[in-house]
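Subject: Model for your files

Hello,

Please find the model below, with notes on what turned up in it.

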Amino acid sequence: MTALVEYPVRSEVTSFLSGGPKRLLIGGEWVPAASGRTFPTHDPATGAVLAEVAYGQTDDVDRAVRAARRAFDDGPWQAMKPNERERLLWRVGDLLSERAEQFGQLESLDNGKSAGIATAVDTAWAADVFRYYAGWATKIEGSTVNVSMPFAPGGQFHAYTLREPVGVCGLIVPWNFPLLMAAWKLAPALAAGNTVILKPAEQTPLTALLLGELFCEAGFPPGVVNIVTGFGDAGAALSGHDDVDKIAFTGSTEVGKKIVDAAKGNLKKVSLELGGKSPNIVFADADLDLAVEGSLNAWLFNHGQCCVAGTRLFVEGTIFDEFTRAVADAASQVKIGPGLDPSTQLGPLVSQEQFDKVTGYLAAGLADGARALTGGKRWGEQGFFVEPTVFVDVEPEFSIVQEEIFGPVVAAMPFDADAGVAAAANDSIYGLAAGIWTKDISKAHRTARQIKAGSVWINQYNGFDTAMPFGGYKQSGWGRELGAAGLDAYTITKSVNIAL
């Protein structure tokens, strides 16, 4: 393979990358790490270093927590009226929209995803999330309660509830949707009146830092939003910090369990959006053209680096060979290349570590006896590219069926409609999402009720909306993000009862 073609980078992106080492945002100021150390972040399409980033560690987390605590306890944030918080959040959404192409290209360079998708989907949706929760800032309400007080006969009481911010929140976000996942957590946390420390993934810190500039420009008080870049030790320090009231984490189930353990010291509140191994179910009566396209999207979107990816493809036996061949043929025609190429449909994996993990699963699947209808190996010699791979002849106990691969790999299995598919679909430690393809609406509803997953999409896949709660069953996590339910993670209810 020849060297990858270079594509033009916007001047504001070049300026951001060339402006010296990226710093931490603490207390409204951009500061170096206490140690003075930095680490490189790379372009996964070429391996080239994009920028040096401050290596935040425990001392920096301490500084950020102190700043957030001051802003929560003593700063102007709590005194601000809800409509003032509303205007600030809306302003962040507007600034994201104004700079969408800058964010899109920066995300593409740091993560590897298509710049077009990062602009039109990730950045646009992030802006929508900030505007959605801006509106909620003025609508977080308690209620009056008509109490009986049976042990106080004859008494009169006025009882009500308040929904108050939790306090200082640590937000730890993953590398697959760096900007979007930051928005999912920042917007509701801030709308509810909390202060925050954002810890982006070490593989993809750049759009979080650029977002920090928008918070400063929008006029957020110092210390309300703090950003500490670094590795797992920074995340562990944040999770275990006794002056942090809440941790919200998106990432692997393995790390999620470590966060729960770290958080037990002060019993801080924890919400988790974790792994998945989602079933995508195709019945013989489905619109097969639509189902092929949708099933391809289910496991190739974001290069398969998606927690909801439909990587267990269950196809009714009467159409199994025809359907899996159609999916494999479509996958083999996907355009692979760097994210800055407008024609790219499948970009590189995010890092050497992720590339090694995914190619290891490819080797394990073949060794176990699976057959690749297409793909099965690395693509090219430069960058972290993997061919889209469709496995058949798989057994439920294979690692490629049971474990989250987080790459462009799907395992297809036939099922008998008379015997049912729910038991096989639910045979997983995860329960994040599912897809169902059928023209029979009664069958669709019945199957949706049988599947243990937080999101079920019928005749579509990745059917997200900001107003729809998102989260998992089983080991896919605790709590919900997005929608009105997303505020529950960042508020606490107080009961007030007054004897009149």
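The notes cover the cores, one helix and the cavities.

This is a predicted model, in which local features need pLDDT of at least 70, side-chain atom pairs count only at pLDDT 80 or more, and totals for chains, interfaces and linings use all residues. Residues are numbered from 1 along each chain as its sequence is written, and side-chain values use heavy atoms, with hydrogens and water left out.

The largest nonpolar core (buried Ala, Val, Leu, Ile, Met, Phe, Trp, Tyr and Cys joined through side-chain atoms within 4.5 Å; buried is under 20% relative accessible area, 1.4 Å probe, protein chains only) has 106 residues. Helix α6 (178–191; helices are DSSP runs of H or I, at least four residues, and strands runs of E, at least two, numbered from the N terminus) gives the most to this core, 11 residues. L190 and F220 are among the residues with the most contacts inside it. A second, separate core of 28 residues includes V358 and F384.

Helix α4 (100–111) has 11 of its 12 residues buried, and G112, with a positive phi near 105°, follows it.

The largest cavity (a set of points on a 1 Å grid over the protein atoms alone where a 1.4 Å probe fits but cannot get out; lining residues have an atom within 4 Å of a point) is lined by 14 residues, and S271, L272, W478, R480 and E481 are the closest to its centre. Strand β11 (269–273) supplies the largest share of that lining, three residues.

Regards

How values were computed
Buried < 20%, exposed > 50% of the residue type's maximum accessible area, 1.4 Å probe, protein only. 1 Å grid on protein atoms, 1.4 Å probe; cavity = no way out; pocket = protein on both sides within 12 Å on 5 of 7 lines; lining within 4 Å.
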